[in-house]
Amino acid sequence: MAMTVAASSSMAVMIPRVPSISARCSAVPYLPTRSFGRSSFTVPVKLLSGNGLHKVELMKTRASSSDETSTAIDTNELFTDLKEKWDGLENKSTVIIYGGGAIVAVWLSSIVVGAINSVPLLPKVMELVGLGYTGWFVYRYLLFKSSRKELAEDIDSLKKKIAGTE
């Protein structure tokens with residue numbers, strides 16, 4: 001009995017409550033106040049034990065500096081690379097025609113998909129067809145090692161055909 005009481009009393013955790021949001025007549029959402037000056041965020045949790053209250057840090061998160069995870073793109077470098085590639089092209093009119101054709105194809109396909117979605121029950125049938133094809137593709141090409149090798153060979157041959165090296 002004493003062991004169960006001690007175990008249950010040591011398991012009691014008091015989690016701090018988040019203040020409730022009152023209804024406001026503002027278009028700006030409620031944002032909690034932010035404390036500045038601390039580089040780590042800790043949540044103290046009070047655990048009840050036989051001897052009294054003890055504070056334990058439940059979670060500690062450090063903000064990483066922007067130098068470590070910086071993924072900033074230099075726009076000047078990007079534009080100069082694009083300009084060099086554009087100047088290196090011989091058939092600029094072909095690239096423009098293919099780009100315009102791709103934009104028109106995407107626009108037409110969005111119109112077709114919108115028309116299909118407006119027909120009742122047809123979108124669900126198309127989802128079933130897609131799920132069936134996905135299942136067949138996984139069974140045919142991804143489930144077994146030999147079929148994965150065959151798929152890799154097919155992809156490599158298609159790449160060579162597109163690149164014109166075959």
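## Overall layout

Going along the sequence, the chain reads α-β-β-β-α-α-α-α. That gives five helices and three strands in total. Keep in mind that this is a predicted model.

## Burial and contacts

Of the 166 residues in the chain, just 4% count as buried. The chain exposes about 15300 Å², with carbon and sulfur atoms supplying 65% of that area. As for contacts between residues at least 6 apart in sequence, 23% link residues at least 24 apart.

## The aromatic cluster

The aromatic pairs come to five. One of them is W136 with Y141: the ring centres sit 6.1 Å apart with the planes at 85°, and since an angle over 60 degrees counts as edge-to-face, that's what this pair is. Y141 also pairs with F137, this time in a tilted arrangement, with 5.1 Å from centre to centre and 45° between the planes. F137 and Y141 are four residues apart in helix α4 (residues 122-142), so about one helical turn separates them. Put Y133 together with W136, F137 and Y141 and you have one aromatic cluster.

## Around Y141

How buried or exposed are these rings' residues? Y141 has 15% relative accessibility, which is under the 20% cut-off, so Y141 counts as buried. F137, at 26%, is partly exposed, and W136 is partly exposed too, at 41%.

Y141 has a charged partner as well: R140 lies over the face of the Y141 ring, 4.7 Å from its centre.

Terms used: Residues are numbered from 1 along each chain as its sequence is written. This is a predicted model: local features need pLDDT of at least 70, side-chain atom pairs count only at pLDDT 80 or more; totals for chains, interfaces and linings use all residues. Side-chain values use heavy atoms; hydrogens and water are left out. Helices (H or I, at least four residues) and strands (E, at least two) are DSSP runs, numbered from the N terminus. Buried means under 20% relative accessible area, exposed over 50%, partly exposed in between (1.4 Å probe, protein chains only). Contact means heavy atoms within 4.5 Å. Accessible areas come from the Shrake-Rupley method with a 1.4 Å probe; for residues, only the protein chains shown count as cover. Rings of Phe, Tyr and Trp (its six-membered ring) pair if their centres lie within 6.5 Å; planes under 30 degrees apart count as stacked, over 60 as edge-to-face and the rest as tilted. A charge sits over a ring if NZ of Lys or CZ of Arg is within 6 Å of the ring centre and within 35 degrees of the ring normal.
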